[in-house]
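User: Could you take a close look at one part of this model for me? I'd like to hear how the helices pack there and what sits around them.

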Amino acid sequence: MLFVLIALWSIAAIVWISEPGSAVNRRLGGLAFTGGTGALAAMIDLKWLPQAEEAGAGQSTLRLLYEVQALSSISSYYGIPYFFLLFAIAYSGLRLSRGLAVALPVLLLIPIILCIFLTPYYTIYYPISFKVVVWWAVPYMLTGAVLVLSKRVPPSVYARTHWTVCFAVLPPALFCMFMNYILPSLGMLRMWVYNTWLVGLGAAVFVIGLFTYGFMGMRVLIQRRRYDSTLRAVTSGTAMLNHAIKNDAGKLRLFGEKMKRHAIATSQQELLADVEAVLSASRHMEEMVRRVHRRTEDLELRPERVELSSVLREALELAKPSASSVRLETAFAEGWQCEVDKTQLAEAFGNIVTNAIQAMSERDDAMLKVKLTATKRELVIEVADNGPGMDREQRLQAFEPFYSTKRGSGSFGLGLPYAYHVMSKHKGSLTMRSRPGEGTTFYMTLPKRAVKAVRMD
């Protein structure tokens, strides 16, 4: 049981710390915490109380341990179905009026309060009145399971995250429902000892999912902080580099112009050619640093209300000259008006489209699919190509500044970091899915609330 206690409370801490403002995370953390209190009660019952008695502890100490055990056990039995249903409601995106959203957590507490005051107090074998509690705990948990499974997720990288959540949460919760409520109500007591294996499985799925597809957006959050810190470092570095090179290039240009005048006055054609080469190199240095700095400087958004599908169509029109041999398929959810920086968003989208077109340059059957889909909370722009795809190492470096797979093309490797930066500024995200031989798909996600999205007829 010590493993269960550590695993569940660790998960609760991770979920709470990762995004404390999220109702989904708060409630999932509550579910894991109350599950851990059950493990704490079992630890006290099986180990700590017997050890305290053997050590000759006083009655006050034993009574204190017993009361902690009682409170931990009761909070677990009542808290698991309560927080599981609240988590499922928030996670499923169920639409509730503001008044109902505030009142619902209180209303769901009513059966718990009635059981606390109207049923017998805790004993080791009957911590709760199972034959009473089963009538509301089981419906709570079955309703929660249906809500989680019914969540509509677009066929994207988020679908993998959704199924990771399902496999990590639902099997332990439903097994707990069977062992903690249904069987004890039929007279089969202390069946909770078998929960350890399913909790371990759920913890394993949580950890694996956290570092692969993500769990409740946490992997995205970790990546976002890493990319943000990288971009800040690059921005700071290029700003200093730009300042230093601009000053030195200015000196080169000043002395170069002076030498040029002297070469012209003295008719030294060889010296004049050398000076022109120096001046050209100084101008090239300044231009290169300026171009890098423009891509990495902190963006200042200038939002305007636009129709999102029109922005995407305009950007695709600009890309058509370089995509003459590419078959284009589009499917846009029409009528979504948003407040975005049209110029920055179009350029970010154009960078991804250009990368996709270049990736398919060696294919005769090149095909680019662009979709705009709407979920309950987000607008998702999907750009999919049938190019060579990327292996794991390439995927891990794809958003790193200055990384590029286009060797010898003159690319700075700043297109994707810039697109990522633009999406972050809009409170959205840029994610990708790619495998060698299966092409690459990018997902540009805009939260409806952040961009004030409204569907117009």
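Analyst: Here is a walk through the helix packing, with one residue looked at in detail.

A word on the ground rules: this is a predicted model, so local features need pLDDT of at least 70 and side-chain atom pairs count only at pLDDT 80 or more, while totals for chains, interfaces and linings use all residues. Residues are numbered from 1 along each chain as its sequence is written, and side-chain values use heavy atoms, with hydrogens and water left out.

Let's start with helix 3, residues 59-92 (helices are DSSP runs of H or I, at least four residues, numbered from the N terminus). Helix 3 packs on helix 6 at about 20°, with the axes 8 Å apart; the axes are lines fitted to C-alpha atoms over the stretch in contact, and angles run from 0 to 180 degrees between N-to-C directions. That makes the two helices roughly parallel (angles under 35 degrees; over 145 is roughly antiparallel, 65 to 115 roughly perpendicular and the rest oblique). Their crossing is left-handed, that is, the near helix is turned anticlockwise from the far one by less than a right angle. Among the residues that meet here (contact means heavy atoms within 4.5 Å) are Y77, F84 and Y91 of helix 3 and W136, Y140 and M141 of helix 6. By class, this contact has 20 nonpolar, 3 polar and no charged residues. Nonpolar covers Ala, Val, Leu, Ile, Met, Phe, Trp, Tyr, Cys and Pro, charged covers Asp, Glu, Lys and Arg, and the others, Gly among them, are polar.

Helix 6 (residues 130-149) also packs with helix 5 (residues 110-118), at about 160° and with 11 Å between the axes. Helix 5 and helix 6 are therefore roughly antiparallel, and this crossing is left-handed too. Helix 5 brings P111, I112 and C115 to the contact, and helix 6 brings V132, V133, W136 and Y140. The tally is 7 nonpolar, no polar and no charged. W136 and Y140 turn up in both contacts of helix 6.

Back in helix 3, have a look at Q69. With a relative accessible area of 1%, Q69 is buried (under 20%; exposed is over 50% and partly exposed lies in between, with a 1.4 Å probe and protein chains only). The Q69 side chain makes a polar contact of 2.6 Å with the side chain of Y122; such a contact is a pair of N or O atoms within 3.5 Å, where within protein one must be able to donate a hydrogen and the other to accept it, and residues adjacent in sequence count only if both atoms are side-chain atoms. Beyond its neighbours within four places in sequence, Q69 also touches A41, I44, D45, L49 and I124.
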